[in-house]
Amino acid sequence: MSSLIFEPSSGKYYYHYPFPVAIVGVKAGEKVNFMSAAWHTQLSFDPPLYGVLISPKRYTNELLKQSNAFSVNFLKFEDYKTAGFVGRTSGRELDKVKTFGLKYFDGKVATVPVLENAIACYECKIVDSRTYGDHILYVGEILGIHYDKSYYENGLSKSLLLYHGNDRYTFANSESVKFGKEEVYDEINKNRKG
């Protein structure tokens, strides 16, 4: 018998967290805005597609409608305040760049802002957008990637800022375990012999 609790209505749910924090950057004309997004995902390697989910109520959504691109910035754990600053304020009410002293540079390929303190960033051209429930999924084709190799080993970062849900942040503070195809078949063969 399972010890799992069943809820017939999910309401707000965080059972799949923690999740990397993405800081979505948009530039529309002279307006630059950043917002934290916990809901984002890789969609395809070929072509390289990345999706971000934005509420229609957000100022970032207004700017995305005026732009054809966005950046997806990833921070190190120590920069959790930046995520909170840009995630819990609105660009309609204040200039986040000035208010929080955010430093950025223009993308190399797309017209997007790239945070200087990002440990990685994807420059994306919008190729599709669709409404799903209470959010809009913006699909971007990755045109280029910036990353700080001092924070990555074999493409993985233990310093990456993760959102734990309910305004809480964490990071990968333990060793990772490799268990891929080779290890799976080693286990299958070991079990067959034993």
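Two strands count as paired if DSSP finds at least two bridges between them. Helices (H or I, at least four residues) and strands (E, at least two) are themselves DSSP runs, numbered from the N terminus. With that in hand, let's walk through this structure.

The model is predicted, so local features need pLDDT of at least 70 and side-chain atom pairs count only at pLDDT 80 or more, while totals for chains, interfaces and linings use all residues. Residues are numbered from 1 along each chain as its sequence is written, and side-chain values use heavy atoms, with hydrogens and water left out.

## A hairpin and a sheet

Start with strands β2 (residues 22–28) and β3, which run antiparallel and are joined by seven bridges. One of these partnerships sets Ala28 against Lys31 in β3. Two residues lie between the strands of this hairpin, and Gly29 takes a positive phi near 65° there.

How enclosed is strand β3 (residues 31–37) by the rest of the structure? Six of its seven residues are buried, so β3 is largely enclosed. Buried here means under 20% relative accessible area; exposed means over 50%, and partly exposed is in between (1.4 Å probe, protein chains only).

Now look for an open sheet of three strands, in the order β1-β11-β12, with antiparallel pairing. Its edge strands, β1 (19–20) and β12 (168–170), each pair on one side only. Two bridges hold the antiparallel pairing of β1 with strand β11 (residues 162–165). Within it, Pro20 stands opposite Leu162 of β11.

Pro18 sits in the segment before β1. Pro18 is partly exposed, at a relative accessible area of 36%. Contact means heavy atoms within 4.5 Å. Not counting residues up to four places away in sequence, Pro18 touches Leu162, Tyr163, His164 and Thr170. By contrast, 27 Å separates the C-alpha atoms of Pro18 and Gly101, which are 83 residues apart along the chain.

## Two nonpolar cores

A nonpolar core is a set of buried Ala, Val, Leu, Ile, Met, Phe, Trp, Tyr and Cys residues joined through side-chain atoms within 4.5 Å. Which members of the largest core touch the most other members? They are Val24, Phe70, Val72 and Phe74, out of 24 residues in that core. Two or more residues come from each of β2, β3, β5 (49–54), α1 (59–66), β6 (69–74), β9 (120–132) and β10 (135–147). Strand β2 gives the most, with four residues.

Val24 is a good residue to click on. Leaving aside neighbours within four places in sequence, Val24 has contacts that include Phe34, Met35, Val52, Ile54 and Phe70. There is also a second, separate core of 15 residues, with Tyr17, Ile23, Ala38 and Ala118 among them.

## Aromatic rings

Rings of Phe, Tyr and Trp (its six-membered ring) pair if their centres lie within 6.5 Å; planes under 30 degrees apart count as stacked, over 60 as edge-to-face and the rest as tilted. The structure holds ten aromatic pairs, and two of them are set out here.

| Pair | Centre to centre | Between planes | Kind |
|---|---|---|---|
| Tyr80 and Tyr169 | 6.3 Å | 35° | tilted |
| Phe85 and Phe100 | 4.5 Å | 5° | stacked |

The tilted pair links distant parts of the chain: Tyr80 belongs to helix α2 (residues 80–87) and Tyr169 to strand β12, 89 residues apart. Tyr80 is partly exposed, with a relative accessible area of 35%, and Tyr169 is also partly exposed, with 23%.

The stacked pair has Phe85 in helix α2 and Phe100 in helix α3 (residues 96–100), so the pair ties together parts 15 residues apart in sequence. Phe85 counts as partly exposed at 36% relative accessibility, and Phe100 is partly exposed at 22%. Ring pairs also link Phe77, Tyr80, Tyr163, Tyr169 and Phe171 into a cluster.

## Cysteines

A disulfide is a covalent bond between the sulfur atoms of two cysteines. In this report, the cut-off for that pair of sulfur atoms is within 2.5 Å. How many disulfides does a search of the whole structure find? The search finds zero. For Cys121, the nearest cysteine sulfur is that of Cys124, 7.8 Å away. Cys121 is buried, with a relative accessible area of 1%, and Cys124 is buried at 0%.
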